[in-house]
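Here are some exercises to try with a structure on your screen. Work through each task on your own before you read the solution.

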2 protein chains.
Amino acid sequence: MSKAVFYHAGCPVCVEAEQAVVGALDAKRFEVEVVHLGSAPSRIGEAQAKGVKSVPALVLDDVALHINFGAALSDL
Amino acid sequence: MSKAVFYHAGCPVCVEAEQAVVGALDAKRFEVEVVHLGSAPSRIGEAQAKGVKSVPALVLDDVALHINFGAALSDL
């Protein structure tokens, strides 16, 4: 089981991306965790360490994929 | 079967995104088409009509998801 983490901040762009992407992943292969960085600011450092620069972003197998643009991590 | 179209231009950012995302989609639910807009410039208009502004981008159920940034469509 691979791990996928979707980081967001509750913005409209984030919600649209989450609805489109998270549900499209193969649930048999990916365990998906959704992290709201506004509610869990203590995980911003973790996201940055994975290469996330803005939200929404999906980290899939250590690859940070910025999906559209909602907000910069530095603005959270 | 839903349709997913991954638009790219062969750039390194495009290749990385394709490898991470296209293979992660649920193949039972999505028929994925990969379109190289450098090789098929006649499809740039189609991508624009779907809201794609840069590559790599994935169009999932009519939602245009720009994944990281390789090149603007206007530069192709």
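**Exercise 1. Find which residues line the largest cavity of this predicted model, and sort them by class.**

Step 1. Begin with the search: across the whole structure, one cavity of 30 Å³ or more turns up. The space in the largest cavity comes to about 60 Å³.

Step 2. Now list the lining. From chain A come Val21(A), Leu25(A), Leu58(A), Leu60(A), Leu65(A) and Ile67(A), and from chain B come Val21(B), Leu25(B), Leu58(B), Leu60(B), Leu65(B) and Ile67(B).

Step 3. Look for the elements that give two or more residues to this lining: they are β3 (54-60) and β4 (63-72) of chain A, together with β3 (54-60) and β4 (63-72) of chain B.

Step 4. Sort by class. The lining has twelve nonpolar residues, with no polar and no charged ones.

**Exercise 2. Work out which rotation superposes chain A on chain B, and describe how the chains meet.**

Step 1. Recall a general idea: two copies of a chain are related by a rotation about an axis and a shift along it.

Step 2. Here the rotation is 180°, the shift along the axis is 0.0 Å, and chain A falls on chain B with an RMSD of 0.0 Å. That is how a two-fold axis relates its copies.

Step 3. Turn to the contact, which takes 18 residues from chain A and 18 residues from chain B. Since 100% of the interface residues of chain A are also interface residues in chain B, the copies meet through the same surface.

Step 4. Add the area. The two chains, A and B, bury about 1300 Å² between them, and 56% of that is on carbon and sulfur atoms. Ala24(A), Leu65(A) and Asn68(A) supply 33% of the area that chain A buries against chain B, more than any other three residues.

**Exercise 3. Decide how many salt bridges cross the interface, then trace one salt bridge in chain A.**

Step 1. Side chains of opposite charge can pair when their charged atoms come close.

Step 2. Over all chains, the structure holds ten salt bridges, yet zero are found across the interface of chain A and chain B.

Step 3. For an example, go to Arg43(A) and Glu33(A), whose side chains form a salt bridge at 2.7 Å, N to O. Arg43(A) sits in the loop between β2 (30-36) and α2 (44-49) of chain A, while Glu33(A) is in strand β2 of chain A, so the pair ties together parts ten residues apart in sequence.

**Exercise 4. Locate the cis peptide bonds at Pro56(A) and Pro56(B), and a positive phi at Asp61(A).**

Step 1. Keep the usual case in mind: most residues other than glycine have a negative phi, and most peptide bonds are trans.

Step 2. In chain A, the bond from Val55(A) to Pro56(A) is cis, with omega near 0°, and Pro56(A) is in strand β3 of chain A.

Step 3. In chain B, a cis bond joins Val55(B) and Pro56(B), with omega about 0°; Pro56(B) belongs to strand β3 of chain B.

Step 4. Finally, Asp61(A) has a positive phi, near 50°, and lies in the loop between β3 and β4 of chain A.

Technical notes
Residues numbered from 1 in each chain as written. Chains lettered and ligands numbered in written order. Predicted model: local features only at pLDDT ≥ 70, side-chain atom pairs only at ≥ 80, totals over all residues. Heavy atoms only, no water. 1 Å grid on protein atoms, 1.4 Å probe; cavity = no way out; pocket = protein on both sides within 12 Å on 5 of 7 lines; lining within 4 Å. Points joined across faces, edges and corners; volume = space filled by probe spheres on them. Helix = DSSP H or I, 4+ residues; strand = E, 2+ residues; numbered from the N terminus. Nonpolar A, V, L, I, M, F, W, Y, C, P; charged D, E, K, R; others polar. Least-squares fit on C-alpha atoms with pLDDT ≥ 70 in both. Contact = heavy atoms within 4.5 Å. Buried area = accessible area lost by both parts, 1.4 Å probe. Salt bridge = Lys/Arg side-chain N within 4 Å of Asp/Glu carboxyl O.
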